[in-house]
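Reader: Could you walk me through this structure, starting with its empty space and ending with its backbone? I would like the cut-offs as we go.

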Amino acid sequence: MIVRNLADARKTSRRVVSKTWESTRLLLKNDGVGFSFHITTMYAGTSTPMCYRNHFESVYCISGRGEIEDGATGERHSIAPGTIYILDKHDEHVLHAHTELVVACVFNPPLNGREVHDDSGAYPLEAEAVEA
Ligand code: 9YT
């Protein structure tokens with residue numbers, strides 16, 4: 001069994017800070033369970049274009065308000081606590097955070113640890129891992 005605490009993990013290299021978001025990766029590839037689990041904060045007033053061509057992702061909203069925009073259709077869906085969206089087709093999308101948005105993210109395949117988006121909004125399949 002693996003037991004971790006978010007506040008503790010935030011003080012380590014599990015916390016990755018990018019321009020429009022920060023994410024604490026509580027479960028990673030080297031844990032060996034086949035998915036990763038992150039608690040992510042999207043900063044208020046930001047819009048983040050993404051397209052995870054190498055991964056599937058589920059995103060569950062814990063707090064805050066926003067919209068998820070489908071890059072293929074332009075359709076926008078409201079995000080509020082309790083909403084989940086699942087990128088099952090490597091969908092191009094933009095996440096608009098109207099307020100600070102706290103979400104739980106699950107990735108398959110799992111992240112290594114230190115990934116940030118490349119110019120296309122994706123993560124590479126292999127990246128630097130967190131320190132043990
Ligand atoms: C919702 C989303 O994909 N935000 C970007 C950060 C990412 N979820 C991560 O690496 O935790």
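The questions and answers below cover a cavity, a ligand and two backbone features.

Author: Happy to help! This is a predicted model, where local features need pLDDT of at least 70, side-chain atom pairs count only at pLDDT 80 or more, and totals for chains, interfaces and linings use all residues. Residues are numbered from 1 along each chain as its sequence is written, and side-chain values use heavy atoms, with hydrogens and water left out.

Reader: What volume does the largest cavity have?

Author: A cavity is a set of points on a 1 Å grid over the protein atoms alone where a 1.4 Å probe fits but cannot get out. Grid points are joined across faces, edges and corners, and the volume is the space filled by probe spheres set on the points. Searching the whole structure turns up one cavity of 30 Å³ or more. Its volume is about 110 Å³.

Reader: Which residues of the lining lie nearest the centre of the largest cavity?

Author: Lining residues have an atom within 4 Å of a grid point. There are 17 of them here, and those nearest the centre are Thr40, Met42, Tyr52, Glu57 and Cys105.

Reader: Where does the ligand sit?

Author: A molecule sits in a cavity if more than half of its atoms lie within 2 Å of the cavity's grid points. On its own the ligand has 310 Å² of accessible area (Shrake-Rupley method, 1.4 Å probe), and the protein covers 100% of that area. By the grid-point test, the ligand sits in the largest cavity.

Reader: Which side chain has an N or O atom 2.6 Å from an oxygen atom of the ligand?

Author: Polar contacts are pairs of N or O atoms within 3.5 Å. The side chain of threonine 40 has such an atom 2.9 Å from a ligand oxygen, and the side chain of glutamate 57 has one at 2.9 Å. The 2.6 Å distance belongs to tyrosine 123.

Reader: Which peptide bond is cis?

Author: Most peptide bonds are trans. Here, an omega near -5° marks a cis bond, and its proline 109 lies in the segment after β10. The bond runs from asparagine 108 to proline 109.

Reader: What phi does histidine 90 have?

Author: Most residues other than glycine have a negative phi. Histidine 90 is in the loop between β8 (84-87) and β9 (93-97), strands being DSSP runs (E, at least two residues) numbered from the N terminus. Although not a glycine, histidine 90 has a positive phi of about 55°.

Methods
1 Å grid on protein atoms, 1.4 Å probe; cavity = no way out; pocket = protein on both sides within 12 Å on 5 of 7 lines; lining within 4 Å. Polar contact = N/O pair within 3.5 Å; in protein donor to acceptor, adjacent residues only side chain to side chain. Helix = DSSP H or I, 4+ residues; strand = E, 2+ residues; numbered from the N terminus.
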